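Trainee: Please take one part of this model and describe it closely, with its surroundings and the chain as a whole for context.

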Amino acid sequence: MRYLLEYQEGERVITFCLVKNKETGVASNQSEYLNLELGDRSGTMMAKLWDVSPEIKDGIQVKDVVKIDAVVQVYRGKKQLVIQRIRPVTASDEVEMESLIPVSAVPPDELWEKLEQTIDQMQSKTLQAILREALADPEIAERLRQYPAGVRMHHNYYHGLLEHIVSLLRAAEKLLPLYPQVDRDVLFATCILHDIGKLYELSDPIAPDYTTPGQLIGHLVMGVEIVSGICRRLDIAPGDTEVLHLKHCILSHHGEVENGWGSAVSGKTPTAVLFHYLDQIDSKMNALQQTLADMGEEEWAYSGALRRKVWRGY
């Protein structure tokens, strides 16, 4: 089976896709057309459907799975699809969802095992209890095995958040011997829980958008609310020093407040400062990896995560 990004200019594409975005436009002849963002596990591609009928315009919605018959063309240096025919899938099509969305290359069970190993090796009984309670929640556990780390910027694929967490844990293990002033267990707990609010900030793991609470509150505060709720259930005192430190690391992990990246407070401990840079490294390197993988034979390409073009001529 071939996936969207494997097709080249001029080729005919007959395949199943997920509708990631939809916009209606009006052509110069006053007929309506659709701009669609279609995706499968290889990534996304923009598509145009000209002279769209009212039935198709109303019948194709974001998050629908569709079957298309299209041709690949290159417009302003980028591949796009010109759709000849499109229809919603039916039960008889037997489409596997795993073929429609990008997926982490690392199996979730392998990632989950790393989480549990890390928690077992922690010395803090308080943080151990909080983490075990979080992962024992069926809803949190299910979402953590599915959700991306973001909509577009980094680890934006199925169980990408879980991959991001484990990558942070491995980086933390390597750096901890260099910085004895860092609290080991608080750092590990922050790696695991820093983005736990994204499980409720984002709408779903298939074609995620931001929920109303996600837009009004944000995942940093939502994450601290989750930790506070767990502490109440476990009868852990709100003023517990380790819990305060963990919450501080979550609230400050987007960096200094004046940067405007969403932190509620600037990092005030070695652990909080180190974690911010660990998170930056892992998110930026993952975004760059995806940019380089999508470049094909191009020497330069724009990276949204870095807000600049990047070079692969080395």
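Mentor: The account below begins with the whole chain, turns to one helix and its neighbourhood, and ends with two other sites.

This is a predicted model, in which local features need pLDDT of at least 70 and side-chain atom pairs count only at pLDDT 80 or more, whereas totals for chains, interfaces and linings use all residues. Residues are numbered from 1 along each chain as its sequence is written, and side-chain values use heavy atoms, with hydrogens and water left out.

The protein chain contains 11 helices and 7 strands; these are DSSP runs numbered from the N terminus, helices being H or I of at least four residues and strands E of at least two. Its C-alpha atoms fill a box of roughly 65 × 45 × 35 Å along the principal axes. Of the 314 residues, 48% are buried, a term that means under 20% relative accessible area, with exposed being over 50% and partly exposed in between (1.4 Å probe, protein chains only). Taking contacts (heavy atoms within 4.5 Å) between residues at least 6 apart in sequence, 55% join residues at least 24 apart.

The part chosen is helix α10, residues 241-251. It is largely enclosed by the rest of the structure, because 8 of its 11 residues are buried. These buried residues are Val 243, His 245, Leu 246, Lys 247, His 248, Cys 249, Ile 250 and Leu 251. Their packing partners are four helices: α3 (125-136), α6 (184-193), α9 (219-234) and α11 (270-294). At the start of α10, the backbone nitrogen of Glu 242 has a side-chain oxygen of Asp 240 within 3.0 Å.

One of the helices packed against α10 is α6, and Asp 185 lies in α6. Asp 185 counts as buried because its relative accessibility is 7%. A polar atom of its side chain lies 2.7 Å from the backbone nitrogen of Ser 124. The Asp 185 side chain also makes a polar contact of 3.1 Å with the side chain of Arg 184. A polar contact is a pair of N or O atoms within 3.5 Å; within protein, one must be able to donate a hydrogen and the other to accept it, and residues adjacent in sequence count only if both atoms are side-chain atoms. Setting aside neighbours within four places in sequence, Asp 185 is in contact with Met 122, Gln 123, Ser 124 and Leu 127. Thr 118 is 67 residues away from Asp 185 along the chain, and their C-alpha atoms are separated by 9.4 Å.

Another buried acidic residue is Glu 37, which counts as buried because its relative accessibility is 7%. Glu 37 belongs to strand β2 (residues 32-40), and its side chain joins that of Thr 44 in a polar contact of 3.4 Å. Beyond four places in sequence, Glu 37 touches residues including Leu 18, Lys 20, Met 46 and Arg 152.

The last site is a strand pair. Strands β6 (residues 300-303) and β7 (residues 308-311) run antiparallel and are joined by 4 bridges; two strands pair if DSSP finds at least two bridges between them. They form a hairpin with 4 residues between them, and Arg 307 in the turn has a positive phi of about 60°. Tyr 302 has Lys 309 as its bridge partner in β7, while Ser 303 stands opposite Arg 308. In a regular strand the side chains alternate between the two faces of the sheet. In β6, Ala 301 and Ser 303 form the covered face, and Trp 300 and Tyr 302 the uncovered one.
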